[in-house]
Amino acid sequence: MRIKEKCIPCIVNQTIKVADMVGLKDKDDLLRKVFAYLSTVDFKGASTPELIGRIFGLLKRETGCDDPYKETRAHYNELFLEQLPSLEQEIHESKNPFLESIKYAIIGNIIDFNPIHALLPSDIEACFKRLKEEALEVDDSLLLSQEIRTAQTLLYLGDNCGEICLDKLLIKKIHELNPCCQVFFATRGEAVVNDSVEEDAYRVGIDAYAAVLSNGDSSLGTVLHRTSKEFQEIYHKADIVIAKGQANYECLSDERKNIYFLLMTKCRVIADDIGVPEMKMLCMKNVKGGIRNADD
């Protein structure tokens, strides 16, 4: 999915937000460099996740802070780790534990620190309560469960901090469906916004059910041509790819690969591209070009 003009404000506002977080008073030089970089971008071939990754790298160099969201990631990981026993009990007591674990993993996708659609902690709690009662807007969970039962290799592409704890619950259900399936959980290769890195995956215990894998890149999402050779080999051999979040959708929606997108449509650009309303939960199998028609 190529970058849209409505994505540019997100990129610029993210720059300003991170500069404020690290206490950068004079932003003039930084903004000049960001705009200079944007002036060189081929917007017809670029994606928003790749651009944000490159600009976040520039931010880290200019501010001297390698991981501006480190404390934020740790806070939300601990917050949701504390809630896991009760959440797992709710899943166990539901009529369809696998579907419920998918819903919880998707609900966790609302934890986002993009300045355009970021939610306050109180908003996150309210969304959790509301979304638990909602059905998936697109629900390919039955097909996913059927494919998992016969899969040999599954690659799970993680997304944000906090949310990663709920990914763990879903991966545990995947393991129960098919204990023989080899599961890999991929993180970002370097710190970028509040996306999870390897240390987050190990901290929340995902390695109990999956092999933790860095994708070797600092972009949001999964920009395949920038990922490591090791990651690409696993990606190509995987029978199923589960891709969490909007950035992974932006990167992979045109891929001819057996991908299931699990996400919340948090912005109009993504919602319109898929053809659903905003703030809806999707478990959507990839189709040609990544776009699902209303009759599909």
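# A guided tour of the predicted model

Begin with the charges: the mean position of the 37 positive charges of the protein and that of its 48 negative charges lie 2 Å apart, where Lys and Arg count as positive, Asp and Glu as negative, and His and the chain ends are not counted, each charge being placed at NZ of Lys, CZ of Arg, CG of Asp or CD of Glu. This is a predicted model, in which local features need pLDDT of at least 70 and side-chain atom pairs count only at pLDDT 80 or more, while totals for chains, interfaces and linings use all residues. Residues are numbered from 1 along each chain as its sequence is written, and side-chain values use heavy atoms, with hydrogens and water left out.

**The whole chain.** Display the C-alpha trace, which spans about 55 × 40 × 35 Å along the principal axes of the protein. The radius of gyration is 18 Å, in agreement with the value near 19 Å that a compact globule of 296 residues would have (taken over C-alpha atoms, with a globule rule of 2.2 Å times the number of residues to the power 0.38). Colouring by secondary structure should bring out twelve helices and seven strands, which are DSSP runs numbered from the N terminus (H or I of at least four residues for helices, E of at least two for strands). Of the 296 residues, 57% count as buried, a term that means under 20% relative accessible area, with exposed meaning over 50% and partly exposed in between (1.4 Å probe, protein chains only).

**Helix 5.** Select residues 97-107, which form helix 5, where ten of the eleven residues are buried; among them are F98, L99, E100, K103 and Y104.

**Helix 11 and strand 6.** Move next to residues 245-252, the helix 11 that holds E250. Is E250 buried or exposed? E250 is buried, since its relative accessible area is 10%, and, leaving aside residues up to four places away in sequence, E250 touches M1, T48, P49 and I270 (contact means heavy atoms within 4.5 Å).

Now select all aromatic rings, among which a search of the whole structure finds four pairs; rings of Phe, Tyr and Trp (its six-membered ring) pair if their centres lie within 6.5 Å, with planes under 30 degrees apart counted as stacked, over 60 as edge-to-face and the rest as tilted. One of these pairs is Y249 with F261, whose ring centres are 5.2 Å apart and whose planes stand at 75°, so the pair is edge-to-face. The pair links distant parts of the chain, with Y249 in helix 11 and F261 in strand 6 (residues 259-264), twelve residues apart, and both Y249 and F261 are buried.

**The loop at N215.** Select N215, which lies in the loop between strand 4 (211-214) and helix 10 (229-237) and counts as buried at 2% relative accessibility. Residues to show around N215 are T187, R188, G189, G221, T227, S228 and F231, which N215 touches when residues up to four places away in sequence are not counted. A distance label from N215 to T150, 65 residues apart along the chain, should read 25 Å between C-alpha atoms.

**Two positive phi angles.** Most residues other than glycine have a negative phi. V193, although not a glycine, has a positive phi of about 50°; V193 lies in the loop between strand 3 (182-187) and helix 9 (198-204) and is buried, with a relative accessible area of 5%. Finish at M279, also not a glycine, whose phi is positive at about 55°. M279 lies in the loop between helix 12 (268-274) and strand 7 (281-285), and at 25% relative accessibility M279 counts as partly exposed.
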